[in-house]
Amino acid sequence: MSIKWKDYECENLYDELINSRGNPRQPAKRLATYLSKLGVDELNKRRQLADATVQDMGVSFTVYTDEGNIDRAWPFDIIPRIIPAKEWNQIALGLKQRLRALNLFINDIYHEQAIIKDGIVPSYLIENSKNFRPECVGVKPAFGVWAHICGSDLVRDGDGKMYVLEDNLRVPSGVSYMLENRAITKRVLPEVFGRENVLPVDDYPSRLFDMLAALSPRKVKQPEIVVLTPGIYNSAYFEHAFLAQQMGAELVEGSDLLVDSDDCVYMRTIRGRERVDVIYRRIDDMFIDPEVFDKDSLLGVPGLMRAWKKGNVALANAPGAGVADDKVIYAYVPKIIEYYLDEKPLIPNVPTYLCENEDDRNYVIEHIAELVVKPANESGGYGMLVGPHSTKKDQDKFVKLIKENPRNYIAQPTLALSTAPTLVGSDNPEPRHLDLRPFILQSKDLYVTTGGLTRVAMVKGSLVVNSSQGGGSKDTWIVDSEGA
Amino acid sequence: MLSRVAERLYWAARYLERAENTARLISVYDNLLYDLPKDLLDISWFNLIDLNSAAETYNRRYKVQNERNVVKFLVVDDDNLSSITSAINAVRENLRTTRDVIPPAAWEQVNELNIYVTKHAKDGLRRALRHEFLTEIIERSQALNGLLTGTLIRDEAWQFLKLGRNIERADMTTRILDAGAAVLENNKIFKTSNPAQLIWGNVLRSQGAYMSYRRAVKSTVRGSDVARFLLDEVLLPRSVAYCSDQIKQAATNLSQASGRKQPVKTDLPVYTIEEEDDLGADFRNYLNDLQLAIGDLHLQVCNNWFARD
């Protein structure tokens, strides 16, 4: 038995590897042939090897349930997703353009607010935003950059075109899975790597380190960089530990740090106190400093905001950066790019209806069965409605929610997310929907990961790819077939 | 190095050593007790609970003091923080929170160890599979120690691992000696005419020290010689003297590196053993004092490096 790509059912879908006639697309040809020659038994062996590798590496994330927290292995599909390098280079340019513009926007919002005065973005958006932090007004972070690490979600629609679905500017996660997925694929499908010109992803940790080091307020040769984690019960703890290890940075919890009377940040070590220069914080704004934000937070460090405002420590991402990852602001990003850069956006947005606007709201309520409705400030796929997959009861509930608090909801057309062949139970691959989260870094320079994390909805027909909602992931290959 | 990280590494090393030595401790009795009259078997197994100072926890969990319950308590019981499964899990949790300072391969190995224990812990309860299970625990713990020894840079992380390993090992060596002394004290009737030789031979084997003893001591297996060997032989890596030397080295190194002036006092009480009669109640009291002194060493380490000012 071997895979017959002709039997792969991907009509009416845009599949990343196989075209509608059942032929592998150009960059996937060798992979498809290789997989079909491998035979079902061997393929299953490789899958088992992948599962065992995931377990041994301790690749996991934590899921919160009523029965307590489960440390769960992250489902991994061994068939990689392939993007030609030529296409990727264009996307990377678009992502850099986007982050540059977003940072100019955030900096403007906490200073002159020129974009509001010029009437491009309405002021109520900022006044009502859950993620606008008045405490940050007037602060001048290095290079004028607030969002140093950005994870933007890309989706390909049925027309084959890539869109930005959202930008995550607070504490985006997933990059460690991108790196681990590559390590697993090298163990599981070593033969293909010899033949394909797959561009490497491994330099991310050193790029992250360089980006963070450039933020150090003390101009010293070896600035002290730490990763601040909420601790082992956080769903992304694995990633925090992984990145600290890969960068050779200390992994700290709030209780390891203190702010002294000189408004500098120190960590408690076996030598006593040591000064900290840069904090890559993986704790949400609201919990980083109980003196300023959530008073009951035990995760943060009292006085951290004081130290940051005085320029004695760098925080990445800066507090308040989330003002630009609001899903309502998202709708304005094309205008934001044009306003600050005087350039046309290189990657389009998904058309977005703002329920705040009466016309849009009426349209959304009328067409709720066709649309995806999202709360403006949630992440992780919680609290959203996928119209075509919902019941009348769900729809009525959302209509009510929208009417009660229109500002809090946006809607987008349900995209026919692209698919890729995925091994789920049966011997033959089946198409499953996926997205892509590349990571973009900015301080002194800009950097985009080679590809990113491909997340895949393991359930047939499902469009929800989030790890917390039962999604899995795949390795992402940027293949340079011309350079090979 | 963060104090918290130092503390977790220290505990990771202690729990790893505890799991391994618990496996060694059970294996002494596993070999030994079949040579006892049947009606004394269960009482003797309960020695293992007593000498681990765990009677209170045990009695809260079990009514009957028999082999089945004792082994269950020592191998799989989650309420017993020193059971093999609890200890291995504690190793994993401590290393999970210090992954930034240990080699990735060590992290993979501790995961594999944890997966093995989770899958096979029940084997430890069955006589037919017990030996293989205990051997596997010992070998895998040694493999992890070997990996760290062979790859880890000798910085503070290494010194804290070394401290934890040797403090726990010294403590467990005293308990294994106590296990031997206890059997001898409690059981006057054996199937064999020379029970002492049998018991002390097993104590040596459980510590992987039988061959070394034979070559170093060049005499038959005698309790007084065995006890002296496991306590005082500075060349034997599981002896109390050797561990104490390692503790002293690590503590001195850390005091210098961390600029903390408080020297760790590593002197341990001594006891003279000349003949077999010296292994009675006084000997067991001495072992108890030794354990208290080791406990004091632990407190010194905590106060010196783990305190949060």
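This passage describes the interface between chains A and B, several strands of chain A, and salt bridges in both chains, in a model that is predicted.

Chain A meets chain B through 27 residues, which are in contact with 29 residues of chain B. The size of an interface is often given as the accessible area lost when the parts come together. For chain A and chain B this buried area is about 2600 Å², with 41% of it on carbon and sulfur atoms. Between the two chains, 5 salt bridges are counted. In one of them, R4(B) is paired with D256(A), and the closest N and O atoms are 2.6 Å apart. Polar contacts across the interface involve 13 residue pairs, with both residues at pLDDT 80 or more. On the side of chain A that touches chain B, two or more residues come from each of α2 (40–57), α9 (237–247), β7 (250–252), β9 (265–269) and β10 (272–275) of chain A. The element that gives the most to this side is α9(A), with 6 residues. By residue class, the side of chain A that touches chain B consists of 12 nonpolar, 6 polar and 9 charged residues.

Helix α2 of chain A also holds a salt bridge of its own, in which the side chains of E42(A) and K45(A) meet at 3.9 Å, N to O. The two residues are 3 residues apart in this helix, about one turn. E42(A) is partly exposed, with a relative accessible area of 25%, whereas K45(A) is exposed, at 52%. The loop between β8 (257–259) and β9 of chain A contains S261(A). This serine has 71% relative accessibility and therefore counts as exposed. The C-alpha atom of S261(A) is separated by 9.9 Å from that of A307(A), a residue 46 positions apart from S261(A) along the chain.

Strand β4 (residues 149–156) of chain A pairs with strand β19(A) in the antiparallel sense, over 3 bridges. Within this pairing, G151(A) has F439(A) of β19(A) as its bridge partner. Strand β4(A) is also joined to β5(A) by 6 bridges, and these two strands run antiparallel. Here L154(A) is matched with V164(A) of β5(A). The hairpin of β4(A) and β5(A) has 5 residues between the strands, and G160(A) in this hairpin takes a positive phi near 85°. Strand β5 (residues 162–168) of chain A is mostly covered, as 7 of its 7 residues are buried.

Strand β19(A) pairs in the antiparallel sense with strand β20 (residues 446–448) of chain A, again through 3 bridges. In β20(A), L446(A) stands opposite Q442(A). The two strands form a hairpin with 3 residues between them. In a regular strand the side chains alternate between the two faces of the sheet. In strand β19 (residues 439–442) of chain A, F439(A) and L441(A) point one way and I440(A) and Q442(A) the other way, and all are buried.

A separate description applies to an open sheet of 4 strands in chain A, with the order β13-β16-β14-β15 and antiparallel pairing. Strands β13 (353–354) and β15 (385–386) of chain A are at its edges and have a single partner strand each, so one side of each is left without a neighbour in the sheet. The pairing of β13(A) with β16 (residues 409–413) of chain A is antiparallel and has 2 bridges. In this pairing L354(A) stands opposite I410(A).

Over all chains, the structure holds 54 salt bridges. In chain B, R238(B) forms one with E20(B), with the closest N and O atoms 3.5 Å apart. R238(B) lies in the loop between α11 and α12 (240–258) of chain B, and E20(B) in helix α1 (residues 3–32) of chain B, so the pair ties together parts that are 218 residues apart in sequence. Both R238(B) and E20(B) are buried. They belong to a network of salt bridges that links E17(B), E20(B), R24(B), R169(B) and R238(B).

Another salt bridge joins the side chains of D178(B) and R284(B), at 2.7 Å from N to O. This pair links distant parts of the chain, with D178(B) in helix α8 (residues 156–186) and R284(B) in helix α13 (residues 281–306) of chain B, 106 residues apart. D178(B) is buried, with a relative accessible area of 8%, while R284(B) is partly exposed, at 22%. In helix α11 (residues 223–232) of chain B, 8 of the 10 residues are buried, so the helix is largely enclosed by the rest of the structure. Among these buried residues are F229(B), L230(B) and L231(B).

How values were computed. Residues are numbered from 1 along each chain as its sequence is written. Chains are lettered from A and ligands numbered from 1 in the order in which they are written. This is a predicted model: local features need pLDDT of at least 70, side-chain atom pairs count only at pLDDT 80 or more; totals for chains, interfaces and linings use all residues. Side-chain values use heavy atoms; hydrogens and water are left out. Two strands pair if DSSP finds at least two bridges between them. Contact means heavy atoms within 4.5 Å. Buried area is the accessible area (1.4 Å probe) that two parts lose on being put together, summed over both. A salt bridge is a side-chain nitrogen of Lys or Arg within 4 Å of a carboxyl oxygen of Asp or Glu. A polar contact is a pair of N or O atoms within 3.5 Å; within protein, one must be able to donate a hydrogen and the other to accept it, and residues adjacent in sequence count only if both atoms are side-chain atoms. Ala, Val, Leu, Ile, Met, Phe, Trp, Tyr, Cys and Pro count as nonpolar, Asp, Glu, Lys and Arg as charged, and the others, Gly among them, as polar. Buried means under 20% relative accessible area, exposed over 50%, partly exposed in between (1.4 Å probe, protein chains only).
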